[in-house]
Amino acid sequence: MVRPVHHLLGGIALSLATLSAHATEALPQAQWPFTAEPRATLDEPWAMTFLPDGTLLVTEKRGALKHVDPKSGKTSDIAGVPEVAYGGQGGFGDVILHPDFADNGWVYISYAEAGDGDTRGAAVARAKLQLNEDGSGALTELSVIWQQTPKVSGAGHYGHRLAFGPDGKLWITSSERQKFTPAQDMKANLGKLVRLNDDGSLPGDNPFADQGGVAAQVWSLGHRNMLGIAFDAQDKLWVHEMGPAGGDELNLIVRGENYGYPEVSNGDHYGGKPIPDHDTRPEFEAPKITWTPVISPAGFVIYQGEHFPGWDGAGLIGGLSSKALVRVAFDGDNAREAERYDMGARIREVEQGPDGSVWLLEDGSGGRLLELQPK
């Protein structure tokens, strides 16, 4: 659904970003500046992270953690994963390493967990990783360090993407679980970007620390369904989120700011009921890019290096409904879509490899692990 032109005229930066998103055509395989070689096949892969030896940990949505050797394609099971609430958008989520993993062995995972009755919520746990010579292994000393509050019915919009920042803090995207109003309620941590110490304790310099409770976890609020989080080389934090019917967003995160959902959006409710655009409520922080038609963003890395000419500092976003890899160019506090590559499959996750290569996970059963190298 394309927004009427008058919706694009309220703010110059927003209108240019939106128009650039509309104008992008996906490049077919013959015009890709890279090759894409399959290295492994998985069952509903969701996230991945590289280990220091160049192998990978990959989560599968049904609840399996795989250790993958990309050179041979061999996949091995990692035991000790907690039970996940699989269904809808719920299941096993993200996996990342502690910045000092080589010394402390801590791995962080996110997943949907069941609550009382027919309720669910996202959780984050940390555990030690033990690997065996044959590639198998186990998570040990697992402890849950964060949970969505409250647990609610439904199986959508968990978010639960994880990142460590340059400050050594753990960042968690906590989506609003398709419940709308919790995104503006500081008694809930739904629809919020959360910042914690690496053990799950609360940093004293969080913007709402003096309010106590779950509000003390919150860095920013008014978010919908955040499925990508990345820091750039200047330590700016960028988060993308899915809009409703239209209005996918890329946001520059500002401490303590409110991003407006569900009061504003550049999309509308699925039933057709309009939502006021961002330019009608300037007190809310506006996105740097909006996409209508949507790209359904999932997975996000800000590339650093010279392996791909012209990509240093660019954002790479996986597209689900768009079946694309989307390249974003940054200019200080602004951003625009620079190029889009037609991948022919839903792209769930994007990561940068140790050698500067780019790695993608296709979504769904039989999702492939793809290695991208420049042509």
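This passage walks through the confidence, the main sheet and the nonpolar cores of a predicted model.

Confidence comes first. Mean pLDDT for the protein is 94, with 94% of its residues at 70 or more. The exception to keep in mind is the stretch 1-21, over which pLDDT stays under 50. The model does have 37 contacts beyond four places in sequence for these residues, but they come with that low confidence attached. Further along, an unreviewed UniProt entry lists residues 42-370 as "domain: Glucose/Sorbosone dehydrogenase". In the model, that span is 45% strand and just 1% helix, and its end C-alpha atoms sit 11 Å apart.

Among the strands, eight make up an open sheet with mixed pairing, in the order β3-β4-β5-β6-β10-β9-β8-β7. The edges are taken by β3 and β7; each has a single partner strand, so one side of each lacks a neighbour in the sheet. On average, and with direction ignored, neighbouring strands here are turned by 30° against each other.

Some of the pairings can be followed residue by residue. Strand β9 is joined to β10 (residues 137-147) by eight bridges, and the two run antiparallel. Within that pair, Ala 123 has Gln 147 of β10 as its bridge partner. At the β7 end, β7 and β8 are also antiparallel, with four bridges between them, and Leu 97 faces Val 107 of β8. Edge strand or not, β7 is hardly out in the open: six of its six residues are buried, so the rest of the structure largely encloses it.

What about the packing? In general, nonpolar side chains of soluble globular proteins tend to be buried together. In this model the largest nonpolar core has 23 residues, and the members touching the most others are Leu 57, Val 107, Ile 109, Tyr 111, Leu 129 and Leu 139. At least two residues each come from β3 (45-50), β7 (92-97), β8 (106-114) and β9 (120-131), with β9 giving the most, at four.

Leu 57 shows how this core draws on separate parts of the chain. Setting aside neighbours within four places in sequence, Leu 57 contacts Ala 47, Met 48, Thr 49 and Leu 51, then Leu 65, Lys 66, His 67 and Ile 78, and finally Val 95, Leu 97, Val 107 and Leu 129. Both Leu 97 and Val 107, the residues that stand opposite each other in the β7-β8 pairing, are thus on the contact list of Leu 57. Apart from this core there is another, of 17 residues, including Leu 316, Leu 325, Ile 347 and Leu 360.

Conventions
Residues numbered from 1 in each chain as written. Predicted model: local features only at pLDDT ≥ 70, side-chain atom pairs only at ≥ 80, totals over all residues. Heavy atoms only, no water. Core = buried A, V, L, I, M, F, W, Y, C linked by side-chain atoms within 4.5 Å. Buried < 20%, exposed > 50% of the residue type's maximum accessible area, 1.4 Å probe, protein only. Contact = heavy atoms within 4.5 Å. pLDDT = per-residue confidence, 0-100. Pairing = 2+ DSSP bridges. UniProt positions renumbered as here; feature names shortened; annotations may be inferred. Axes fitted to C-alpha atoms, helices over the stretch in contact; angles between N-to-C directions.
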